[in-house]
Amino acid sequence: MRSVLRLVVCVAVCYAIAALGGYVTVRNIPTWYASLVKPPWTPPNWLFPIVWNILYGMIALSLWLLWDRTAAGVQRTRVLRLFVLQLVLNCLWTPVFFGAHYIWPAQAIILALLGTIVGVIALAWPINRWAALLLIPYALWVTYASTLNAGIGYLNGG
(Lines give C-alpha, C1' and ligand atoms only; values in the text may rest on other atoms or scores of the structure.)
Protein backbone atom coordinates (compact mmCIF):
# COMPACT_ATOMS: atom_id res chain seq x y z
CA MET A 1 0.00 0.00 0.00
CA ARG A 2 2.87 2.38 0.81
CA SER A 3 4.31 1.85 -2.67
CA VAL A 4 0.99 2.76 -4.33
CA LEU A 5 0.69 5.86 -2.15
CA ARG A 6 4.19 6.94 -3.15
CA LEU A 7 3.34 6.43 -6.82
CA VAL A 8 0.20 8.55 -6.41
CA VAL A 9 2.24 11.30 -4.71
CA CYS A 10 4.83 11.27 -7.52
CA VAL A 11 2.15 11.45 -10.22
CA ALA A 12 0.25 14.18 -8.33
CA VAL A 13 3.36 16.34 -7.86
CA CYS A 14 4.48 16.04 -11.47
CA TYR A 15 1.06 16.69 -12.94
CA ALA A 16 0.47 19.61 -10.55
CA ILE A 17 3.59 21.19 -12.05
CA ALA A 18 2.21 20.40 -15.50
CA ALA A 19 -1.15 21.99 -14.61
CA LEU A 20 0.50 25.16 -13.32
CA GLY A 21 2.58 25.40 -16.47
CA GLY A 22 -0.44 24.75 -18.64
CA TYR A 23 -2.48 27.42 -16.89
CA VAL A 24 0.19 30.07 -17.39
CA THR A 25 0.97 28.97 -20.96
CA VAL A 26 -2.56 28.69 -22.37
CA ARG A 27 -3.38 32.27 -21.40
CA ASN A 28 -0.35 33.59 -23.29
CA ILE A 29 -0.39 31.46 -26.47
CA PRO A 30 -2.96 33.54 -28.40
CA THR A 31 -1.50 36.86 -27.27
CA TRP A 32 2.16 37.31 -26.35
CA TYR A 33 3.51 34.02 -27.76
CA ALA A 34 1.60 34.46 -31.04
CA SER A 35 3.25 37.85 -31.50
CA LEU A 36 6.79 36.48 -31.27
CA VAL A 37 9.04 35.67 -34.20
CA LYS A 38 9.93 32.00 -33.75
CA PRO A 39 12.82 29.95 -35.10
CA PRO A 40 12.05 27.75 -38.12
CA TRP A 41 12.44 24.57 -36.02
CA THR A 42 9.50 25.53 -33.77
CA PRO A 43 6.91 22.73 -33.73
CA PRO A 44 3.17 23.39 -33.94
CA ASN A 45 1.55 24.52 -30.69
CA TRP A 46 -0.59 21.38 -30.41
CA LEU A 47 2.53 19.19 -30.05
CA PHE A 48 3.76 20.74 -26.80
CA PRO A 49 1.01 19.47 -24.46
CA ILE A 50 1.21 15.97 -25.95
CA VAL A 51 4.96 15.73 -25.45
CA TRP A 52 4.88 17.30 -21.99
CA ASN A 53 2.10 15.00 -20.77
CA ILE A 54 4.10 11.96 -21.81
CA LEU A 55 7.27 13.37 -20.28
CA TYR A 56 5.58 14.22 -16.96
CA GLY A 57 4.39 10.62 -16.73
CA MET A 58 7.95 9.41 -17.30
CA ILE A 59 9.30 11.92 -14.77
CA ALA A 60 6.77 10.74 -12.18
CA LEU A 61 7.66 7.09 -12.79
CA SER A 62 11.37 7.88 -12.51
CA LEU A 63 10.81 9.70 -9.23
CA TRP A 64 8.79 6.78 -7.89
CA LEU A 65 11.50 4.29 -8.91
CA LEU A 66 14.11 6.33 -7.10
CA TRP A 67 11.98 6.91 -4.00
CA ASP A 68 10.30 3.52 -3.67
CA ARG A 69 12.40 1.01 -5.56
CA THR A 70 15.91 2.13 -4.63
CA ALA A 71 17.67 1.20 -1.42
CA ALA A 72 17.83 3.97 1.16
CA GLY A 73 21.22 5.58 1.57
CA VAL A 74 23.38 8.56 0.80
CA GLN A 75 23.22 8.07 -2.98
CA ARG A 76 19.43 7.90 -3.02
CA THR A 77 19.16 10.98 -0.79
CA ARG A 78 21.54 12.89 -3.05
CA VAL A 79 19.68 11.99 -6.25
CA LEU A 80 16.27 12.75 -4.71
CA ARG A 81 17.46 16.19 -3.60
CA LEU A 82 18.71 16.97 -7.09
CA PHE A 83 15.46 15.57 -8.50
CA VAL A 84 13.48 18.02 -6.36
CA LEU A 85 15.70 20.87 -7.57
CA GLN A 86 15.02 19.99 -11.20
CA LEU A 87 11.28 19.90 -10.44
CA VAL A 88 11.53 23.38 -8.91
CA LEU A 89 13.44 24.68 -11.95
CA ASN A 90 10.92 23.02 -14.25
CA CYS A 91 8.11 24.73 -12.35
CA LEU A 92 9.87 28.13 -12.51
CA TRP A 93 10.56 28.23 -16.23
CA THR A 94 6.97 28.56 -17.44
CA PRO A 95 5.94 31.53 -15.27
CA VAL A 96 9.18 33.32 -16.10
CA PHE A 97 8.93 32.73 -19.87
CA PHE A 98 5.17 32.72 -20.50
CA GLY A 99 3.98 34.66 -17.45
CA ALA A 100 6.56 37.41 -17.04
CA HIS A 101 7.81 37.30 -20.67
CA TYR A 102 11.42 37.29 -19.47
CA ILE A 103 13.06 35.37 -22.29
CA TRP A 104 16.72 35.50 -21.23
CA PRO A 105 16.13 34.79 -17.52
CA ALA A 106 14.02 31.85 -18.69
CA GLN A 107 16.99 30.75 -20.81
CA ALA A 108 19.19 30.73 -17.71
CA ILE A 109 16.57 28.67 -15.87
CA ILE A 110 16.18 26.15 -18.69
CA LEU A 111 19.94 25.67 -18.92
CA ALA A 112 20.12 25.12 -15.15
CA LEU A 113 17.20 22.70 -15.52
CA LEU A 114 19.04 20.79 -18.22
CA GLY A 115 22.14 20.60 -16.03
CA THR A 116 20.15 19.23 -13.10
CA ILE A 117 18.39 16.66 -15.31
CA VAL A 118 21.75 15.43 -16.59
CA GLY A 119 22.99 15.38 -12.98
CA VAL A 120 19.98 13.31 -11.89
CA ILE A 121 20.55 10.87 -14.75
CA ALA A 122 24.24 10.53 -13.80
CA LEU A 123 23.47 10.02 -10.11
CA ALA A 124 20.58 7.65 -10.79
CA TRP A 125 22.41 5.48 -13.31
CA PRO A 126 24.39 3.38 -10.80
CA ILE A 127 21.49 2.94 -8.37
CA ASN A 128 18.43 2.59 -10.67
CA ARG A 129 19.05 2.42 -14.41
CA TRP A 130 15.35 2.45 -15.30
CA ALA A 131 14.87 5.70 -13.40
CA ALA A 132 17.80 7.20 -15.29
CA LEU A 133 16.66 5.91 -18.68
CA LEU A 134 13.17 7.36 -18.19
CA LEU A 135 14.72 10.84 -17.91
CA ILE A 136 16.72 10.73 -21.15
CA PRO A 137 13.79 11.81 -23.38
CA TYR A 138 13.12 14.63 -20.91
CA ALA A 139 16.75 15.78 -21.18
CA LEU A 140 16.56 15.64 -24.97
CA TRP A 141 13.30 17.63 -25.07
CA VAL A 142 14.64 20.25 -22.65
CA THR A 143 17.75 20.54 -24.82
CA TYR A 144 15.50 21.18 -27.81
CA ALA A 145 13.30 23.59 -25.80
CA SER A 146 16.41 25.53 -24.75
CA THR A 147 17.25 26.08 -28.42
CA LEU A 148 13.72 27.39 -28.99
CA ASN A 149 14.02 29.69 -25.98
CA ALA A 150 17.37 31.04 -27.21
CA GLY A 151 16.09 31.38 -30.77
CA ILE A 152 13.07 33.36 -29.59
CA GLY A 153 15.32 35.57 -27.50
CA TYR A 154 17.64 36.21 -30.42
CA LEU A 155 14.88 36.82 -32.97
CA ASN A 156 12.87 39.12 -30.70
CA GLY A 157 15.64 41.12 -29.08
CA GLY A 158 15.12 39.36 -25.75
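For the tally of pocket residues below, Ala, Val, Leu, Ile, Met, Phe, Trp, Tyr, Cys and Pro count as nonpolar, Asp, Glu, Lys and Arg as charged, and the others, Gly among them, as polar. The close-ups all come from a predicted model.

**View 1. What lines the largest pocket.** Here's the largest pocket, with a volume of about 630 Å³. Its lining takes in 26 residues, and T25, F48, W52, W93 and F98 are the ones that lie nearest the centre. Sort that lining by residue class and you get 18 nonpolar, eight polar and no charged residues.

**View 2. The helices around the largest pocket.** Helix 1, helix 2, helix 3 (74-99), helix 4 (103-124) and helix 5 all chip in, each with at least two residues of the lining. Helix 1 gives the most, supplying seven residues.

**View 3. Y15 and Y56, a ring pair between two helices.** Searching the whole structure turns up eleven aromatic pairs. One of them is Y15 with Y56, a tilted pair at 6.3 Å centre to centre, with 55° between the planes. Y15 belongs to helix 1 (residues 2-35) and Y56 to helix 2 (residues 47-68), so this contact ties together parts of the chain that are 41 residues apart in sequence. The partners also differ in burial: Y15 has 30% relative accessibility and counts as partly exposed, whereas Y56 has a relative accessible area of 7%, which makes it buried.

**View 4. W141 and Y144, a ring pair inside one helix.** W141 and Y144 make another tilted aromatic pair, this time 5.2 Å centre to centre and again with 55° between the planes. Both residues sit in helix 5 (residues 129-155), three residues apart, or about one turn of the helix. Buried or partly exposed: which is Y144? With 24% relative accessibility, Y144 is partly exposed, because the buried class stops at under 20%. W141 is buried, at a relative accessible area of 12%.

**View 5. A ring cluster with a lysine over one member.** Ring pairs join W32, Y33, W93, F97 and F98 into a cluster. Two of these names should ring a bell from the first view: W93 and F98 are among the residues nearest the centre of the largest pocket. Over at Y33, the charged end of K38 sits over the ring, 4.5 Å from its centre.

Key. Residues are numbered from 1 along each chain as its sequence is written. This is a predicted model: local features need pLDDT of at least 70, side-chain atom pairs count only at pLDDT 80 or more; totals for chains, interfaces and linings use all residues. Side-chain values use heavy atoms; hydrogens and water are left out. Rings of Phe, Tyr and Trp (its six-membered ring) pair if their centres lie within 6.5 Å; planes under 30 degrees apart count as stacked, over 60 as edge-to-face and the rest as tilted. Helices (H or I, at least four residues) and strands (E, at least two) are DSSP runs, numbered from the N terminus. Buried means under 20% relative accessible area, exposed over 50%, partly exposed in between (1.4 Å probe, protein chains only). A charge sits over a ring if NZ of Lys or CZ of Arg is within 6 Å of the ring centre and within 35 degrees of the ring normal. On a 1 Å grid over the protein atoms alone, a cavity is a set of points where a 1.4 Å probe fits but cannot get out, and a pocket is an open set with protein on both sides within 12 Å along at least five of seven lines; lining residues have an atom within 4 Å of a point. Grid points are joined across faces, edges and corners, and a volume is the space filled by probe spheres set on the points.
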